[in-house]
Amino acid sequence: MEHLADLKQLLSQPKSVVIVSHRNPDGDAIGSSLAMYHYLNQLGHTVRVLMPSEYPEFLDWMPSIKDIIVFDLEQDRSRDLMRQADIVFCLDFNSLDRIDKLGEVLHTDSEAKVVMIDHHLDPEPFADFVLSETMASSTCELVYDFLLMLDEKDKITIPLAECILTGILTDTGSFKFGTSPKLFRTVADLVELGVDDYTIQDHITNSLREKHLRLLGHCLNNRLEIYEEYNTGLIYLTKKDYAYYGISRGDTEGIVNYILKIKPIKMAAFIMEQPTIVKISLRSKGDFSVQEIAQKYFRGGGHRNAAGGASFKGLGATIRQFKEILPLYEEELQA
């Protein structure tokens, strides 16, 4: 990170600080934000965590998660906090459109210094201080690195470390992808500090309700399509599915990964019909990159093995578009 000494000086006196992450926050967004929240509180700052939308239910156990302010539920308060902030930390995103209307406030109405910590491709130049590393497993891994850069390892409390490990576990799929020797050394440090990794894994993977298993069964039995010639699988959900199963934010987390359990599959897609938009989540194995597909065809982005996007064409048209793309990648998918 350039100008680290300047940022350290900026943080040396109590400030009004806002931490914000992307819409539809996942474990890495919440984990990195709450980890930074725990750190900055120790320095005496007045800290608020803002999320554009609500977090998934399976993260409900996380330390201080109830302190998060949700823009969709408290819009005026969120805007005021953003305008009044001296420093804004932007975590797990690198484009202001990822935080919707909060991005407009930050761009037009805020005089705050902006710190970006993120691991996605192609960061926009809106921040004063940037820690961007696309090879990192997660933003939580980078938050840990950031604290070491500041020589603040002694500030890593158990709650803070639990938040960091949560983001690492969720973004790597419990160490299935995005790993490195450095990452495992980081996790070893967290465990040595006293984090109960078994309990965190249990919170993340064993917190389903009955409806989640019934929804999963429906997806695998009734909504799974396999395109053998392209080593690709697809699951889709309709608006009626959402109503019948009472699907809410976070209920579909991880379903797309079940397609990858089929041995020949190299790419998995999960296409969801929502009230005003069709969302698409893409996953892949090995060297096949879904980031290009998400960016080029579905207004999205992400990482080599995990990306996502959206379409306004409707469910049927979006599924047809996805199928039409497959022949363009036939050679790579069959390799």
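This passage describes two sets of paired strands and a charged surface patch. The structure is a predicted model, in which local features need pLDDT of at least 70, side-chain atom pairs count only at pLDDT 80 or more, and totals for chains, interfaces and linings use all residues. Residues are numbered from 1 along each chain as its sequence is written, and side-chain values use heavy atoms, with hydrogens and water left out.

An open sheet holds six strands in the order 3-2-1-4-5-6, with parallel pairing. Its edges are strand 3 (69-70) and strand 6 (129-132), each paired on one side only. Here strands (E, at least two residues) and helices (H or I, at least four) are DSSP runs numbered from the N terminus, and two strands pair if DSSP finds at least two bridges between them. Strand 2 (residues 46-51) runs parallel to strand 3 and is joined to strand 3 by two bridges; Met 51 has Val 70 as its bridge partner there.

Turning to strand 10 (residues 278-284), six of its seven residues are buried, that is, under 20% relative accessible area (1.4 Å probe, protein chains only). Strand 10 pairs in the antiparallel sense with strand 9 (residues 267-273) over seven bridges, and a hairpin of four residues links the two. Six bridges, also antiparallel, connect strand 10 to strand 12 (residues 306-311), with Arg 283 partnered by Ala 306.

Finally, Glu 228 lies in the loop between strand 7 (224-227) and strand 8 (232-237). Glu 228 is exposed, at 66% relative accessible area, where exposed means over 50%.
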